[in-house]
Amino acid sequence: MIPSGNRLFLPLILVATVLANPAAAFTLDSDEPIKVSANSARLDDSPGTAIYTGAVELVQGEVKLDAERVVLYRSPQGLSRIEASGSPAVYRQPSQDQTAVINAEARNITWSAKDNQLTFEREALIEQGGSTFRGDIIHYDTVNRVVTAEGGDSGGTNSGRVEMVIQPRSSGQ
């Protein structure tokens, strides 16, 4: 029997291996520009925001974010935060070894340059190669490769718990 503290630790290690990718999330260190397209845009230089609505697509290299609404925040140092919402918003990036795609979705997805964090909120789901990780809130520290998750309320279709399904290794590995 696994001690209760370790029961939570093991799934987080497994999720970290799913997400572990030095190029995870949008990065300001990339030579690739972030390209944005949408049905409409409103740019406001005073607070340094850009609001995109309607079939918004952000792309940086192989990383892609699709949402209904995206707000970009700029600081004097450059892009500092991305907030995306949708039913759901969808995030995709290739795995570290380029053999699979990591698909993630949530009602709200936030990337913070200052915190080096990618957050999936409300009905969050991360999938790679048939393995899934689900929770109400999933935080991913893109530098330290640490994943934390919360289950949330148990109302509706949500069990209120963090859930993970890990596919067995194929016999050829």
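**Exercise 1. Characterise the surroundings of Lys 64.**

At 25% relative accessibility, Lys 64 counts as partly exposed, a class that falls between buried (under 20% relative accessible area) and exposed (over 50%), computed with a 1.4 Å probe on protein chains only. The model is predicted: local features need pLDDT of at least 70, side-chain atom pairs count only at pLDDT 80 or more, and totals for chains, interfaces and linings use all residues. Residues are numbered from 1 along each chain as its sequence is written, and side-chain values use heavy atoms, with hydrogens and water left out.

Step 1. Place the residue. Lys 64 belongs to strand E4, residues 63-75; helices (H or I, at least four residues) and strands (E, at least two) are DSSP runs, numbered from the N terminus.

Step 2. List the contacts, defined as heavy atoms within 4.5 Å. Leaving aside residues up to four places away in sequence, Lys 64 touches Glu 57, Leu 58, Val 59, Val 90, Tyr 91 and Arg 92.

Step 3. Examine the polar part. The side chains of Lys 64 and Glu 57 make a polar contact at 3.2 Å. Such a contact is a pair of N or O atoms within 3.5 Å; within protein, one must be able to donate a hydrogen and the other to accept it, and residues adjacent in sequence count only if both atoms are side-chain atoms.

Step 4. Relate space to sequence. Lys 64 and Tyr 91 are 27 residues apart along the chain, and their C-alpha atoms are separated by 5.8 Å.

**Exercise 2. Describe the aromatic pairing in the structure and locate both partners.**

Step 1. Count. The structure holds 1 aromatic pair. Tyr 91 and Phe 120 form this pair, with 6.0 Å centre to centre and 65 degrees between the planes.

Step 2. Classify. Rings of Phe, Tyr and Trp (its six-membered ring) pair if their centres lie within 6.5 Å; planes under 30 degrees apart count as stacked, over 60 as edge-to-face and the rest as tilted. The pair of Tyr 91 and Phe 120 is therefore edge-to-face.

Step 3. Locate. Tyr 91 lies in strand E5 (residues 78-94) and Phe 120 in strand E7 (residues 117-128), so the pair ties together parts that are 29 residues apart in sequence.

Step 4. Assess exposure. Tyr 91 is buried, with a relative accessible area of 2%, and Phe 120 is also buried, at 1%.

**Exercise 3. Determine how E5, E6 and E7 pair, and examine the turn.**

Step 1. Apply the criterion: two strands pair if DSSP finds at least two bridges between them. E5 and E6 run antiparallel and are joined by 11 bridges; in E6, Asn 108 is the bridge partner of Ser 85.

Step 2. Continue to E7. E6 and E7 pair over 8 bridges in the antiparallel sense, and Ala 104 stands opposite Ile 126 in E7.

Step 3. Inspect the turn. E6 and E7 form a hairpin with 4 residues between them. Asn 116, in the loop between E6 (101-112) and E7, has a positive phi of about 50 degrees although it is not a glycine. This residue, Asn 116, is partly exposed at 31% relative accessible area.

Step 4. Examine Ser 112, located in strand E6 and buried at 7% relative accessibility. A polar atom of the Ser 112 side chain lies 3.2 Å from the backbone nitrogen of Asp 115. Beyond four places in sequence, Ser 112 touches Ser 80, Arg 81 and Gln 117.

**Exercise 4. Identify further backbone features in E5 and E3.**

Step 1. Check omega. The peptide bond from Ser 87 to Pro 88 is cis, with omega near 0 degrees, and Pro 88 lies in strand E5.

Step 2. Check phi. Ala 55, in strand E3 (residues 49-60), has a positive phi of about 45 degrees although it is not a glycine. Ala 55 is exposed, with a relative accessible area of 59%.

**Exercise 5. State which parts of the model call for caution.**

Step 1. Take the overall value. The mean pLDDT (the predictor's confidence in each residue, from 0 to 100) of the protein is 78, and 73% of its residues reach 70 or more.

Step 2. Compare elements. Helix H1 (residues 4-19) has the lowest mean pLDDT, 42, and E3 the highest, 95.

Step 3. Delimit the region. Over residues 1-24 pLDDT stays under 50, and the model has 38 contacts beyond four places in sequence for them. Where pLDDT is low, the predicted coordinates should not be read in detail.
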